[in-house]
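Thanks for sharing this one. Here are my comments as numbered points, so you can follow along with the model open.

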Amino acid sequence: MSFYPERKRNMFESSGNGYASSSMRTDIRRKDDMYYLDIEVPGYAKEDIRISLYNGTLTVTASHSTAAENGTEKGRLLRRERFLGNLERSFRVSTALRDTDIRASLNNGILTIALPSEEKKEREEKKYIEVL
């Protein structure tokens, strides 16, 4: 699969701010004809996670939002040490990938994204050139 036709790089290039990158640690592995991205997203439900593919960029966004807990039956909140907000991480992949080629699952705080390692090649038919 030609991920970077303009120059040689690693198979996946990641971008994002430093905090998101360190908070969404990712292992990338290859097995048979698939790549697997294992991304740490502890504390996030599948409803909190969005995955998009646009112009050869795969973007994973995870967001938490909660209402203020002041005055609840648990008592008034004095300090919050859990992260609330958005995390985002992007990976450059092949522009030939389609959203239908990608599968994702969430298990025990690990988001696994599977995508094919090789472009699907359409069967090339013999073409004739007209002689003028």
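**Notes on the model**

1. **A buried serine.** Ser94 is buried, with just 1% relative accessible area. Please bear in mind that this is a predicted model. Ser94 sits in the loop that leads from strand 6 to strand 7 (103–107). What does the side chain of Ser94 reach? The partner is the backbone nitrogen of Ala96, at 3.0 Å.

2. **The overall layout.** The chain holds 1 helix and 8 strands. Followed along the sequence, the order is β-α-β-β-β-β-β-β-β. Of the 132 residues in the chain, 28% are buried. If you take contacts between residues at least 6 apart in sequence, 62% of them join residues at least 24 apart. The chain exposes about 10300 Å², and carbon and sulfur atoms account for 45% of that area.

3. **The nonpolar core.** The largest nonpolar core has 18 residues, and the members that touch the most others are Ile39, Ile113 and Leu115. Which elements give two or more residues to this core? They are strand 3 (34–40), strand 5 (57–63), strand 6 (86–92) and strand 8 (110–116).

4. **Around Ile39.** I would look at this core residue next. Setting aside neighbours within four places in sequence, Ile39 is in contact with Met24, Arg25 and Thr26, with Val60 and Phe91, and with Gly109, Ile110, Leu111 and Ile113.

5. **Strands 4, 5 and 6.** Strand 4 (residues 49–54) and strand 5 run antiparallel and are joined by 6 bridges. Within this pairing, Ile49 has Ala62 of strand 5 as its bridge partner. Strand 5 also runs antiparallel to strand 6, and here 7 bridges join the two. Val60, one of the contacts of Ile39, stands opposite Arg89 in strand 6.

6. **Thr26 and its partners.** Thr26 belongs to strand 2. The side chain of Thr26 reaches the backbone oxygen of Met24 at 2.9 Å, and a polar contact of 3.2 Å joins the side chains of Thr26 and Arg89. Beyond four places in sequence, the contacts of Thr26 are Leu37, Asp38, Ile39, Arg89 and Phe91. Both Arg89 and Phe91 are thus worth displaying when you view Thr26.

7. **Salt bridges.** Side chains of opposite charge can pair when their charged atoms come close. How many salt bridges does the count come to? The count is 2. In one of them, Glu40 pairs with Arg25, and the closest N and O atoms are 3.3 Å apart. This pair links distant parts of the chain: Glu40 is in strand 3, while Arg25 is in the loop between helix 1 (18–23) and strand 2 (26–31), 15 residues apart. Glu40 counts as partly exposed at 30% relative accessibility, whereas Arg25 counts as exposed at 52%.

8. **The Asp38 pair.** Asp38 and Arg29 also meet in a salt bridge through their side chains, with an N to O distance of 2.8 Å. Is Asp38 buried or exposed? Asp38 counts as buried because its relative accessibility is 14%, under the 20% cut-off. Arg29 is partly exposed, with a relative accessible area of 38%.

9. **Positive phi angles.** Asp32 has a positive phi near 55°, although this residue is not a glycine. Asp32 lies in the loop between strand 2 and strand 3 and is exposed, with a relative accessible area of 66%. Asn108 is another non-glycine residue with a positive phi, of about 55°. The loop between strand 7 and strand 8 holds Asn108, which counts as exposed at 76% relative accessibility.

10. **The hairpin turn.** My last point returns to strand 4 and strand 5. Their hairpin has 2 residues between the strands, and Asn55 takes a positive phi near 55° there.

How values were computed:
Residues numbered from 1 in each chain as written. Predicted model: local features only at pLDDT ≥ 70, side-chain atom pairs only at ≥ 80, totals over all residues. Heavy atoms only, no water. Core = buried A, V, L, I, M, F, W, Y, C linked by side-chain atoms within 4.5 Å. Buried < 20%, exposed > 50% of the residue type's maximum accessible area, 1.4 Å probe, protein only. Helix = DSSP H or I, 4+ residues; strand = E, 2+ residues; numbered from the N terminus. Contact = heavy atoms within 4.5 Å. Pairing = 2+ DSSP bridges. Polar contact = N/O pair within 3.5 Å; in protein donor to acceptor, adjacent residues only side chain to side chain. Salt bridge = Lys/Arg side-chain N within 4 Å of Asp/Glu carboxyl O. Areas by Shrake-Rupley, 256 points an atom, 1.4 Å probe, with all protein chains shown as cover.
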